[in-house]
Amino acid sequence: MINPHLNLFIESGLFVDGNMNWKPIMPAIIILAPLIGFIINGAISLYLNRPNVNSKGESSNGLKRIVSVVGPGSILASFIVVGLNGFRMLLAGHPTTFNANYWTWLQTSDFQVNVGIQIDTLSIVMMAVITGVGFLIHLFSIGYMESEKGYARYFAYLNLFVFFMLILVMGSSYPIMFVGWEGVGLCSYLLIGYWFEDEEKASAGKKAFIVNRIGDLGFLLGIFLLHSALGSVDYVGVAENASGVFVYGGGLVTLITLFFLLAGVGKSAQIPLFVWLPDAMAGPTPVSALIHAATMVTAGVYLIVRSSVLFAMAPVTSALVAGIGVSTALFAATIACKQYDIKKVLAYSTISQLGYMFLGVGVGAYTAGVFHLVTHAFFKALLFLGAGAVIHSMHHALHKVHSEDDPQDMRNMGGLRQYMPITCFLMWIATLAISGVWPLSGFFSKDEIIWMTGSFAMAESSPFPSLYKIYWVMAVATALMTAYYMTRFMVMTFHGKNRTVDGAGSAIHETPKIMLIPLIILGFLSFFGGWVNVTPHLMESVIGGFGALPMTDWLHHWIEPVIAESHHIQLENIGETGHVSPVGGGEVFWAVLSTCAAAVLVIGTTYFKSKSLSYGVLGEDSGTISRFLYNKWYIDEFYDKWIVKPLGQMSKFCWLKFDQGFIDRAVNLSGRSAKGIGWFGSLFHTGQVNTYAFFLTLGLLAVLITVMF
Amino acid sequence: MLPTQVLFLSAVIFVVGTLGVIVRRNAIIMFLCIELQLNAVNMAFVALSRYVGIEGQLFVFFVMTVAAAEAAVGLAIIISIFRHYESVITDDFSFLRW
């Protein structure tokens, strides 16, 4: 029987009345459009790369135009359907969770996995971010990748990525999420190693893939444990059975959540598995924006929010989530302060902001985590695309004067504001947003996370009150450092004197419109994106004017149905989280954060401007701490020495001593012994009829004797 | 003669035949020894048919038929080997060995 949901066009009504029963229209289109895009672009890529292609490059321009339309177009189609459904959900008020099972994927005696999707308030937010920001980045890529050889291949991979990312957030069970999880990992690998002729870039892709495997193992073990404990691996079943099987703080649920945490740590680049993300910057910049800032790396946060019921029951894991998050945030921020590669700064900034999201979900503020995820997707995508625009212009300018300088090194930039005023302006918006300056988006989301950390520490029976207070201090410190390194980043790139080699400066110019338009839209979102969720505690304060906004606290109410159960558990076991921060009035706290961030910004700007920024001066960093931070705390070296090398030596030992020395010898011995026995047997095989007759007689006698006695 | 004595004679002749097959190297002699074995068996059949019934004697005819056929084929092989190698001494033939 055909499942009615397979019929894409079964329901035609666009609007629904205000009741809670809500059904999406054409949900399969959302997933299938990027897949179709991938197939078309992939086919074109293969066609253009076919052997014996004639040198005229016939009609490749026409095909390129098709790619330019199909690549972003498929994502746009997906985005339109998502928007349509989101609109319908909004009209439905409190929409019910929609589940559709298409077919059975795995079936054993007591283990069944259905291929199905779940659309609820959480996944629609994720889908909107993925397809919306994804579309803008696709648009940007048209300009950025224009002169690349593998243009069709690039868009094929990018479409495939969006396809898997949508599976990840739309799947109705953990195994389906795992399919998307692995798929995005694959696309990440393919796109990091996009310029695979360069060995360094190819091995960066491998590094990302291998480090992620550690997390994937955790995900799998978590799923297995979950199934053995609950007998169900889909979200609905888990939510139904969890409270009946698990106890608050129990060992089993803690173990499961620890495995899921390991998965999240790998995918979201947290301590100790963050090392792949800075290297992932080897890929094209729009890829960094889409995969390594806005969407894929937030999958870990999404996983934890999806499993909020489990995490709420495991206070130890939650404390660990928050601890890992805030340590990563602080740690990555310190490194970002001393990087010179324009993309490396943003990479560490991304790790830092992901740490904030982990902190948020670790203190039970699942909405705050998702909120920061969304705003971060806006301003970090803008920062990356802006950086991409800068690199693009720098590359062309340096190419024009035949300079070998690194177009990504900020020491070669400076004063780009005069050449790229619009990009500069938009990136300042993103910088102010990420620094947490009121009233831009980052302020609201980061403030909520920090505020929730504080109030979690002050809750009636908080599990580890002093620990959470330390987290709170670290989070505030990180917020200030964020303002510092982002100011440094902007000043070094856009202000001061121009430091590019002679003649190259004037060749730098604003990027083409196709790259500028996505930046403008993202700038708009970075500015206003935070207004959808102005928390109530802010309304009582000076900037209470925002209380009048219709969207006040909207996201909180919107996602509430998905995480209601976890809040219930939290309320039962921890009690009401106080509306106070560790330093006193929660109402004034926002001001402290924002003002400090602004102050750091001003100080940083004047400091860097007064310092005569010339290439030579910044090129030398002599201080011990500077060198320590510039070399990223020597973490890569540490891993190399204590993990990679010992692993290599162990493998070598296994290879030379165990495999060659023991297993191979055992195999050879059995071979030789067979040969020896054969040789002995062959002695009886003389070819003489008489000998055979003799043995025949002996055998006959033996049989006779056996029979007789 | 008692059947026991006949069976004893039959066993002696069989052992002589067997030893002949094992020890002698001349294919013709070995062939004769095989015939000796067959006839020793025939003798035992006949002796035992006194207790068992006519089937024993009947079997002797089968054995003789098979022996005649075997003699024809065996001698043909020996002749053909002799034509090729000018020898019927089995020491000269070890081509049964691989």
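Two strands pair if DSSP finds at least two bridges between them, and strands (E, at least two residues) and helices (H or I, at least four) are DSSP runs numbered from the N terminus. We'll use that right away.

Some housekeeping: this is a predicted model, where local features need pLDDT of at least 70, side-chain atom pairs count only at pLDDT 80 or more, and totals for chains, interfaces and linings use all residues. Residues are numbered from 1 along each chain as its sequence is written, while chains are lettered from A and ligands numbered from 1 in the order in which they are written.

**Exercise 1. Work out how β1(A) and β2(A) pair, and which residue stands opposite N99(A).**

Step 1: find the strands. β1(A) covers residues 98-107, and β2(A) covers residues 112-119.

Step 2: get the direction. The two strands run antiparallel, paired over eight bridges. With four residues between them, β1(A) and β2(A) make a hairpin.

Step 3: read off the partners. Opposite N99(A) you'll find Q118(A) in β2(A). For A100(A), the bridge partner in β2(A) is I117(A).

Step 4: check burial. A residue is buried if 20 or more other C-beta atoms lie within 10 Å of its own, exposed if 12 or fewer, and partly exposed in between, with C-beta atoms placed from the backbone. Six of the eight residues of β2(A) are buried, so the strand is largely enclosed by the rest of the structure.

**Exercise 2. Describe how α15(A) and α16(A) pack.**

Step 1: pick the numbers to report. Two packed helices are described by the angle between their axes and the distance between the axes. Here axes are lines fitted to C-alpha atoms, for helices over the stretch in contact, and angles run from 0 to 180 degrees between N-to-C directions.

Step 2: fill them in. α15(A) (residues 366-400) and α16(A) (residues 421-435) pack at about 145°, and their axes are 9 Å apart.

Step 3: add the handedness. A crossing is left-handed if the near helix is turned anticlockwise from the far one by less than a right angle, and right-handed if clockwise. α15(A) passes α16(A) in a left-handed crossing.

Step 4: look at who meets whom. Contact means C-beta atoms, placed from the backbone, within 7 Å. From α15(A) come F379(A), L382(A), L383(A), G386(A), A389(A) and V390(A); they meet T423(A), L426(A), M427(A), A430(A), A433(A) and I434(A) of α16(A).

Step 5: sort them by class. Ala, Val, Leu, Ile, Met, Phe, Trp, Tyr, Cys and Pro count as nonpolar, Asp, Glu, Lys and Arg as charged, and the others, Gly among them, as polar. That splits the contact of α15(A) with α16(A) into ten nonpolar, two polar and no charged residues.

**Exercise 3. Track down backbone oddities around M26(A), A269(A) and P272(A).**

Step 1: recall the usual case. Most residues other than glycine have a negative phi, and most peptide bonds are trans.

Step 2: take M26(A). Its phi is positive, about 50°, though it isn't a glycine. M26(A) sits in the segment before α1 (27-48) of chain A, and it counts as buried because it has 20 C-beta neighbours inside 10 Å.

Step 3: move to the loop between α8 and α9 of chain A, where A269(A) lies. A269(A), also not a glycine, has a positive phi of about 55°. With 30 other C-beta atoms within 10 Å, A269(A) is buried.

Step 4: stay in that loop for P272(A). The peptide bond joining I271(A) and P272(A) is cis, with omega about 5°.

**Exercise 4. Map the surroundings of V321(A) and I30(A).**

Step 1: V321(A) belongs to α13 (residues 315-336) of chain A. It is buried, with 30 other C-beta atoms within 10 Å.

Step 2: leaving out residues up to four places away in sequence, V321(A) touches L261(A), I304(A), F358(A), V361(A) and G362(A). V361(A) is 40 residues away along the chain, with 7.5 Å between the C-alpha atoms.

Step 3: I30(A) lies in α1 of chain A and is buried, with 27 C-beta neighbours inside 10 Å. Under that same sequence rule, its contacts are S78(A), V81(A), V82(A), M127(A) and L166(A).

**Exercise 5. Count the residues in the contact between chains A and B.**

Solution: each side is given separately, with nine residues from chain A and nine residues from chain B. The chain A side has three nonpolar, six polar and no charged residues.

Methods:
Contact = placed C-beta atoms within 7 Å.
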